[in-house]
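Please read the points below with the sequence and the model open beside you. They go through a few parts of the fold in turn, and each term is explained where it comes up.

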Amino acid sequence: MKSATKSKATATIIGAVLFLVAVGAYQYFAIRQPNEPAVSSAPQAVSTETASSDSSFVLHETPQPVSELSFVDGDGREMSLAAFRGRTILLNIWATWCVPCREEMPALDRLQAKLGSSDFEVVPLSIDRDGLPKVKAFYDELSLKALGIYVDATGKAAYRLNTVGIPTTLLINPEGLETGRLVGPAEWDSPELVNIIQQQLVKTPGEAS
């Protein structure tokens, strides 16, 4: 009787360990592709003013500087964030191998279709090492029409922005300063997040969040 009880307890412990291993493996591969560098785990200094119970979007009390990034557009032309100066952008760091990234892309596409203008653009910056062909095939697969294509095949954007994983999304004002950040996937065309972005669009340049 004792032997049977002991065996049952051992089986329970083994099952629990296997479950924790499986969860850890999923979290690892959801944000990191084999042979891809791990992103910085440095904490981000932000305000504690949360904007929506629907997400972890955090708006900064004081806009933060953004490191300069180099990447290419869908035609392979070299560009940087300076090209968007004078406009509010939603900069989304993602990759085709990141499952949560893949799941939120259609919502970003809908957001761009809804709010995209000369004053605002969703800028999805892929860090795929395979470059434009991989990203273009992904766009075709999901029938993404409104979003532009931007790729940093070096993957340096993730480090320079101090991301703790992907997707990570930054709201950047016309002066090129970060006014908010959301770590993880989100339903970007939800009323709550659309409202946050619209509120930022009506702020005057230099006005704090």
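1. In helix α5, which spans residues 191–201, the buried residues are Leu 193, Val 194, Ile 196, Ile 197 and Gln 200. Here "buried" stands for under 20% relative accessible area, "exposed" for over 50% and "partly exposed" for values in between, with a 1.4 Å probe and protein chains only. Helices (H or I, at least four residues) and strands (E, at least two) are DSSP runs, numbered from the N terminus. The buried residues of α5 cover an arc of only 155° around the axis, which puts them on the same side of the helix; the arc is taken from the directions that lead from the helix axis to the C-beta atoms.

2. What do these buried residues of α5 pack against? Their partners are the strands β1, β4, β5, β7 (168–172) and β8 (178–183), together with helix α2 (99–115), where contact means heavy atoms within 4.5 Å.

3. Before going further, please keep in mind that this is a predicted model, in which local features need pLDDT of at least 70 and side-chain atom pairs count only at pLDDT 80 or more, while totals for chains, interfaces and linings use all residues. Residues are numbered from 1 along each chain as its sequence is written, and side-chain values use heavy atoms, with hydrogens and water left out.

4. The strands form an open sheet of 8 with mixed pairing, in the order β1-β8-β7-β4-β5-β6-β2-β3; two strands pair if DSSP finds at least two bridges between them. At the edges stand β1 (58–64) and β3 (78–80), each with a single partner strand, so one side of each is left without a neighbour in the sheet. Helix α3 (residues 132–142) packs on the sheet and touches β2, β4 (88–94), β5 (120–126) and β6, its direction making about 105° with that of β4. For such angles, axes are lines fitted to C-alpha atoms, for helices over the stretch in contact, and the angle runs from 0 to 180 degrees between N-to-C directions.

5. Strand β5 deserves a careful look, since 7 of its 7 residues are buried, so it is largely enclosed by the rest of the structure. Phe 120, Val 122, Pro 124 and Ser 126 point one way from β5, whereas Glu 121, Val 123 and Leu 125 point the other way. In general, side chains in a regular strand alternate between the two faces of the sheet.

6. On one side β5 runs parallel to β4, to which 7 bridges join it, and Leu 91 stands opposite Val 123. The chain crosses from β4 through α2 to β5 in a right-handed β-α-β crossover, meaning that, with the strands pointing away from the viewer, the path from the first strand over the helix to the second runs clockwise. Strand β5 also runs parallel to β6 with 2 bridges, and β5, α3 and β6 make a right-handed β-α-β unit.

7. The structure holds 1 disulfide, a term that here covers a pair of cysteine sulfur atoms within 2.5 Å. This disulfide joins Cys 98 to Cys 101, with an S to S distance of 2.4 Å, and both cysteines are buried. The torsion about the S-S bond is about 75°, so the disulfide is right-handed.

8. Finally, is Glu 104, a residue of helix α2, buried or exposed? At 2% relative accessibility, Glu 104 counts as buried. Leaving aside residues up to four places away in sequence, Glu 104 touches Asn 92, Pro 167, Thr 169, Gly 184, Pro 185, Ala 186 and Trp 188.
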